[in-house]
Amino acid sequence: MVIHDRVLMVRYIKSESDVTHTPVSSIKPEEITRCNITGLSCSEAGVVYAVDQGSKKIYRVEVETGNCYSFGQNYLANPKDVEIWQDFLLVLDSTNLFLLTPMGIFVKKFPLTISDPKTVNVLKGNILVSGIAGDLHLFQINTN
């Protein structure tokens, strides 16, 4: 992601000579000064999810079409990271791990037992949340 002329954009590099930019149309130019991207994840279908800690929301950008919208501003207090897991999104917040659909619909939240979480990763099917101080929290989530 890059900021150019007060517009947040997804930079898509197919090759050295083929670079395109897709604007994140759901962010207004006057909001760009608050923009603080702290996490990114990209699906195999070409959808980029970006965590904006400054605006407390997630941007969903379809690279091919440019379709874009944001979600999460009603329940995220301090978003940190995002990861794609199975058919869901995992959104790490300061006190919870949220399970959402790829369209941003809330499914479930899981309280965290570590202080100051930083990243969420998927490792061999397990969900690992790590904190700044080196704390770890391993999740095994059953979605049924």
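Colleague: Is Tyr 75 buried or exposed, and what decides the label?

Modeller: The label follows from relative accessible area, where buried means under 20% and exposed means over 50%, with partly exposed in between. Tyr 75 has 28% relative accessibility and therefore counts as partly exposed. Please keep in mind that this is a predicted model.

Colleague: Where does Tyr 75 lie, and which residues does Tyr 75 touch beyond those up to four places away in sequence?

Modeller: Tyr 75 belongs to the loop between β7 (68–71) and β8. With residues up to four places away in sequence set aside, Tyr 75 touches Phe 98, Leu 100 and Gly 104. Phe 98 is 23 residues from Tyr 75 in sequence, and their C-alpha atoms are 9.7 Å apart in space.

Colleague: How should Arg 60 be read by the measure of relative accessibility?

Modeller: Arg 60 counts as buried because its relative accessibility is 8%. This residue is found in strand β6 (residues 57–62). Its side chain is joined to that of Glu 62 by a polar contact of 2.9 Å. Leaving aside neighbours within four places in sequence, the contacts of Arg 60 include Tyr 49, Cys 68, Phe 71 and Met 103.

Colleague: How do the strands of a sheet pair, and in what order do the strands of the open sheet stand?

Modeller: Strands of a sheet pair through backbone hydrogen bonds, in either a parallel or an antiparallel sense. Here, an open sheet of four strands has the order β8-β9-β10-β11, and its pairing is antiparallel. Its edge strands are β8 (81–85) and β11 (106–111), each of which pairs on one side only. From one strand to the next, the twist averages 20 degrees.

Colleague: How many bridges link β9 and β10, and what is the bridge partner of Leu 92?

Modeller: Strand β9 (residues 88–92) and strand β10 (residues 96–100) pair over four bridges in the antiparallel sense. Leu 92 has Leu 97 in β10 as its bridge partner.

Colleague: What does the hairpin of β12 and β13 show in its turn?

Modeller: Two residues stand between β12 and β13 in this hairpin, and Lys 124 in the turn has a positive phi of about 50 degrees. The strands, β12 (residues 117–123) and β13 (residues 126–131), pair in the antiparallel sense over six bridges. In β13, Asn 126 is the bridge partner of Leu 123.

Colleague: Which residue takes a positive phi in the hairpin of β13 and β14?

Modeller: Gly 134 does, with a phi near 95 degrees, in a hairpin that has four residues between its strands. Four bridges join β13 to β14 (residues 136–139), and these strands run antiparallel. The bridge partner of Leu 128 in β14 is Leu 138.

Notes. Residues numbered from 1 in each chain as written. Predicted model: local features only at pLDDT ≥ 70, side-chain atom pairs only at ≥ 80, totals over all residues. Heavy atoms only, no water. Pairing = 2+ DSSP bridges. Axes fitted to C-alpha atoms, helices over the stretch in contact; angles between N-to-C directions. Buried < 20%, exposed > 50% of the residue type's maximum accessible area, 1.4 Å probe, protein only. Contact = heavy atoms within 4.5 Å. Polar contact = N/O pair within 3.5 Å; in protein donor to acceptor, adjacent residues only side chain to side chain.
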